[in-house]
Protein chains: 2
Amino acid sequence: MSEANEPVDGRRARGNKRRAEIIDATLAVVQRDGAAGVTHRTVAKQAGITTSLSTYYFATLDDLLVAALSTVADDYTKRIQDIVDGPGDKLRGLAELIVESGGSGRERALAERELATLAARRPALAAVARRWRENVAELAATLTGDRTAQAALVAASDGLCTAILIDNAPADLNYVYDVLDQAIRSSRGPRGRSA
Amino acid sequence: MSEANEPVDGRRARGNKRRAEIIDATLAVVQRDGAAGVTHRTVAKQAGITTSLSTYYFATLDDLLVAALSTVADDYTKRIQDIVDGPGDKLRGLAELIVESGGSGRERALAERELATLAARRPALAAVARRWRENVAELAATLTGDRTAQAALVAASDGLCTAILIDNAPADLNYVYDVLDQAIRSSRGPRGRSA
DNA sequence: GTACTACTTGTACTAGCGTTCAAGTAATGT
DNA sequence: ACATTACTTGAACGCTAGTACAAGTAGTAC
């Protein structure tokens, strides 16, 4: 708990605030213009600062994108954890989270997706994107012990999100819930692959 | 059949060939450098032509990307149709298609994914990306009459693809097959949501 | 042949990019 | 007070981008 939490220096506190502001501005730009629209200049303008200040805090654009994706991933992790630790129907909680991607959180979800796609090509981002999926996997593990069912749920969650974003679908909660439920349920009957 | 298939003019035939070459070059660039790396200049260099020629055939970069995504989607459609029409285990065929995304076809799959992500922001591309998913949905319809199970299979296919690309997973065929099977199978038992 | 059309090139323009840097300001420590 | 450190600025560098355009080449039609 005594790591880097207490900014003894008042200037450092302001600096951290700036950093957060810049990351917010970055996400705003991704939401508005896509990941391709992120430049030191557009971000700086969005944040109301000078370009050089943006480079002062994030020397390279990559640093900026990594920071932005990390922040988004952290938020997502928190949401998932809330569902896992919460008292309610976890599967329904997950469904609500997914449906939200098509509603008010659409732009946000789109931004997340663009950053995640970016991750496929940048090792630095890949680690963050992976942790993302592991959060859902963890939630899945609380719902079933069957590893295949867990994997199906994770995959279905991701695929549903894509469907909602691309198809611009109505994103009916019951529908999403049913699909997730379908994915995790198993007849566990006449099948049983050996190895 | 008598639409725009017969190039009376030999020059026009060459032109169409050029167009195809440029699209190929575009896909090659996306595979190598990502969608962000697509510029008239990089594409032209890849195709071994001048920059102006690239703009002659595709006035704007957007035109080029739309054309590229359309081509890729057509290829994909053909692959899916082969599985649907083929004699073998359709689910296994789908699994093989997905696993291929992690193997030799990784770069290709990555390119497809980047273009599809791009689609979320460009209406012109969105239609193409949607047709894509409908192909898998069609395949799913041949495997089960249950609409929820169909949706689960489509979502799982997509999610698995993402997992393989981002996690750089081993992409074991049996594993993928099992997850797909899990998604489409249903106990159809004690559940039965009403509305 | 000549006229026409489709294709192809080289060059040049403007605009925006990432990044650097010397200089300036303000908070902190002593 | 003074030195130190953290933050902030404005200007500039070299580079690449999209695009336009006049000129040239080569098939096609008459």
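**Figure 1. What lines the largest pocket, by residue class.** In this predicted model, the lining of the largest pocket counts 12 nonpolar, four polar and 10 charged residues. That makes 26 lining residues in the record of this pocket, and its volume comes to about 660 Å³. If you would like a place to start looking, Ala35(A), Ala36(A), Leu118(A), Ala35(B) and Ala36(B) are the lining residues that lie nearest the centre. Two helices of chain A, H4 (61-85) and H6 (106-119), each give two or more residues to the lining, and so do H4 and H6 of chain B.

**Figure 2. A salt bridge between helices H7 and H4 of chain B.** Here Arg131(B) pairs with Asp74(B), with 3.4 Å between the closest N and O atoms. The two partners come from distant parts of the chain, 57 residues apart: Arg131(B) belongs to helix H7 (residues 123-141) and Asp74(B) to helix H4 (residues 61-85). Arg131(B) has a relative accessibility of 35%, so this residue counts as partly exposed. Asp74(B) is also partly exposed, because its relative accessibility is 37%.

**Figure 3. A buried salt bridge between helices H8 and H6 of chain B.** Are Asp158(B) and Arg113(B) buried or exposed? Both residues are buried, and their side chains meet in a salt bridge with an N to O distance of 3.2 Å. Asp158(B) sits in helix H8 (residues 147-167) and Arg113(B) in helix H6 (residues 106-119), so this pair ties together parts of chain B that are 45 residues apart in sequence.

**Figure 4. Arg185(B) meets Asp181(B).** The side chains of these two residues form a salt bridge, 3.1 Å from N to O. How do the two partners, Arg185(B) and Asp181(B), sit with respect to the surface? Arg185(B) counts as partly exposed because its relative accessibility is 27%. Asp181(B), at 10%, falls under the 20% cut-off and therefore counts as buried.

**Figure 5. A salt-bridge network in chain A.** Now we turn to the other chain. Asp75(A), Arg108(A) and Glu112(A) are joined into one network by salt bridges that share partners. To put these close-ups in context, a search of the whole structure finds 18 salt bridges over all chains. Among them are the pairs Arg131(B) with Asp74(B), Asp158(B) with Arg113(B), and Arg185(B) with Asp181(B).

Conventions. Residues numbered from 1 in each chain as written. Chains lettered and ligands numbered in written order. Predicted model: local features only at pLDDT ≥ 70, side-chain atom pairs only at ≥ 80, totals over all residues. Heavy atoms only, no water. Salt bridge = Lys/Arg side-chain N within 4 Å of Asp/Glu carboxyl O. Helix = DSSP H or I, 4+ residues; strand = E, 2+ residues; numbered from the N terminus. Buried < 20%, exposed > 50% of the residue type's maximum accessible area, 1.4 Å probe, protein only. 1 Å grid on protein atoms, 1.4 Å probe; cavity = no way out; pocket = protein on both sides within 12 Å on 5 of 7 lines; lining within 4 Å. Points joined across faces, edges and corners; volume = space filled by probe spheres on them. Nonpolar A, V, L, I, M, F, W, Y, C, P; charged D, E, K, R; others polar.
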